[in-house]
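The report that follows describes a two-chain model in running text, with one small table. Please read it alongside the sequence and the coordinates.

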Amino acid sequence: MLVGVLFAQVLGLAVQVKRPTDSEPTRLIRVWAVDVVTPLEKALHWVQTSTSNVWHNYFYLRGVRAENRNLKQQIERMSLEQVRISQDADQARRLQALLAFKEQFISRTMAAQVIGSSGSELSRAVYIDKGESDGIRPDMAVITADGIVGKVLRVYRSTSQVLLIDDQTSGVGAILDKTRIQGILRGTPAGEVVLEKVMSDEAVPAGEMVLTSGGDGIFPKGLLVGRVTKVAPGSELFLNIRVRPAADLSKLEEVLVVTKIDERQAQPDRAGAARAVDILAERLPTVPSKPENAVKADTPGPETPGTVAPKGTGSDAKPKTASPEASAGSGATATRKTASPPSSSVAPSGNSSGTSAGTSLANPATTTGTPALKASPKPVKAKATTMTTDAPKPQPAVEDTPH
Amino acid sequence: MAVTYTSGEQVEVYRFSIPATILIPLTAVFLQAWLPLRFPFFTIFDLPLLVTIGFATARRSPLAGLLTGSVIGILQDALTHHPIGLYGISKTVVGFGASSLGIKLDVEHAGARFLLTIVFYAVHEVVYFMISRGLVGLRMAWTWPHELLSGVANAMLGVLVFMLLDRVKQRT
């Protein structure tokens, strides 16, 4: 009898190993097991979260006011930071549009609760409370705010099995943030995460961030994976790079399933087609406009497109969008000084005559004169550069926020 | 209190009610899947294995032992992402071995149960290791300190689990 039972199981095992994916002969057993266990897990999870919510939302409110105050301050700081980042993003999008670069955007996610695990040290997988009826499909990426978690492996009616990145059978395309070295992220039998296929002659510093490379077709590019903790010579020609996942995989409670990823070409926000020369001109240091433009700007009336014509005194000058054409071929001496603080992003220094000769072309973010940008909390310093040209007269210095 | 002897003719044989036979293994598998989320260290325990050993030693029937072991193991396999049969085969062997040994040894004392659990935990791990490497091709890390620690931890928990099982088993 023992031999018979063992033989039957070994035979079943062999069939599964030979046909691991197609039609999955053990599907029925798995469905039964999951249908038996997960309702209990869901019920228990519901009781636990309900109790916790009642306690934390109605009774244990100590320190909430102080926390609220801190959070408000944090929101203010982050709002300012967001403006600066959005300006950088705009610029990046314009450049990507020039290169016909296709980006991957996470356009839709679904929040899910982790309700159970596989219960085995050797199978690092968890169950979430969303399944086929919620639109979950196999191979969807699962992430948290901290970093990636894994991918959906099996989908049942109302639950799904998620394979964690520290499982030995998982694999994630990864790239190092600064050195841009690519590799494959794998789990080990001991539950560690290593970056494989990095040649031993590469210099990988400990502490470097690891991001998704997008090469696996599951995770969009640029999601945080973790940090390099240890680098050692490995077997053959590759390094042994250990990575600590950014998301705490042993204490998962809520995750996001990426249900839709859009791949689209980057579109610049501004109207009209961007040209390389426009982008480059905007990134150039301050270059004065042509003399005739300057004359036009000095005179009242309609302003020349692309000139920055401070109205009135320099202190209340309102910059206009600078045209690259205006800067091209212009000749003058312009000096960029250290912009400190950035609140004085575009302000003619000392000269209140309102001349446009000191047109700033360095950064579209500054030329658009976004008020929030002026209040940017980070004092960013720019290198002082001097461009000597055949200008007929000295131009006022323009303080500028670097990009 | 059950009286047991080392003679095969005088040993007490117990049975479990149908609800206990169904619910206890299910609860063990459920707790094994649920508790590690709250207590990550719990993965070193193997509650379904302890229940398998407990049932097998109480029933003292090799047939019942191997069937119980195989069902519990397959149920446990179904929750993992590995092929079904790894835990199934391991626990079948353990169920058969524990029930066969239970006929010949006194397994009513805590010390004997402690040692028995350590031995069968080792058997379980060795069988699992061999199958997963030999048949499935999984990379396995065998670390003696970890296995020893897990064995002792499971044996300690096993003594408690067997005490709980004593309360629900019925003399035939």
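In strand β10 of chain A, the residue that serves as bridge partner to A:Val210 is A:Gly226. The model is a predicted one, and this pair belongs to a set of strand contacts in chain A in which β9(A) and β10(A), the latter covering residues 224-233, run antiparallel and are joined by 3 bridges. On another pairing of β9(A), which spans residues 209-212, strand β6 (residues 171-176) of chain A is matched in the antiparallel sense, again over 3 bridges, and here A:Ile175 has A:Leu211 as its bridge partner. Strand β8 of chain A is likewise paired with β11 of chain A in the antiparallel sense, with A:Leu195 standing opposite A:Ile241.

The three pairings are set side by side below.

| Strand pair (chain A) | Residues | Bridges |
|---|---|---|
| β6 and β9 | 171-176 and 209-212 | 3 bridges, antiparallel |
| β8 and β11 | 193-196 and 239-245 | 3 bridges, antiparallel |
| β9 and β10 | β10: 224-233 | 3 bridges, antiparallel |

These strands take part in a closed barrel of 6 strands in chain A, which runs in the order β6-β7-β8-β11-β10-β9 with antiparallel pairing. Within this sheet, neighbouring strands are turned against each other by 45° on average, when direction is ignored.

Two loop residues of chain A deserve attention for their backbone angles. A:Arg180, in the loop between β6 and β7 (182-187) of chain A, has a positive phi of about 60° although it is not a glycine, and A:Arg180 counts as exposed, because 9 other C-beta atoms lie within 10 Å. A:Lys197, placed in the loop between β8 and β9 of chain A, also has a positive phi, near 65°, in a residue other than glycine; with 15 C-beta neighbours inside 10 Å, A:Lys197 counts as partly exposed.

Taken as a whole, chain A contains 8 helices and 16 strands, and of its 403 residues 35% count as buried. Among the contacts in chain A between residues at least 6 apart in sequence, 68% join residues that are at least 24 apart.

Which residues of helix α3(A) are buried? They are A:Arg84, A:Gln87 and A:Arg94, and since the number buried is 3 of the 35 residues, α3(A) lies largely in the open. The length of this helix, residues 64-98, can be checked at 1.5 Å a residue: the expected span is 51 Å, and the end C-alpha atoms are 49 Å apart, which agrees.

For helix α1 of chain B, residues 18-38, the corresponding check gives an expected 30 Å for 21 residues, in agreement with end C-alpha atoms that are 30 Å apart. A kink of about 25° nevertheless lies at B:Gln32 in α1(B), shortly before the proline B:Pro36, and both B:Gln32 and B:Pro36 are among the buried residues of α1(B), which also include B:Ile24, B:Phe30 and B:Trp34.

Between the chains, 36 residues of chain A are in contact with 34 residues of chain B. The elements of chain A that give two or more residues to this side are α1 (2-18), α2 (27-59), β1 (102-117) and β5 (160-164), and the largest share, 10 residues, comes from α1(A). By class, the side of chain A that touches chain B has 20 nonpolar, 13 polar and 3 charged residues.

Methods:
Residues numbered from 1 in each chain as written. Chains lettered and ligands numbered in written order. Predicted model: local features only at pLDDT ≥ 70, side-chain atom pairs only at ≥ 80, totals over all residues. Contact = placed C-beta atoms within 7 Å. Helix = DSSP H or I, 4+ residues; strand = E, 2+ residues; numbered from the N terminus. Nonpolar A, V, L, I, M, F, W, Y, C, P; charged D, E, K, R; others polar. Expected span 1.5 Å × (residues − 1). Buried ≥ 20, exposed ≤ 12 C-beta atoms within 10 Å, placed from the backbone. Bend = angle between axes of the 7 residues up to and from the residue. Pairing = 2+ DSSP bridges. Axes fitted to C-alpha atoms, helices over the stretch in contact; angles between N-to-C directions.
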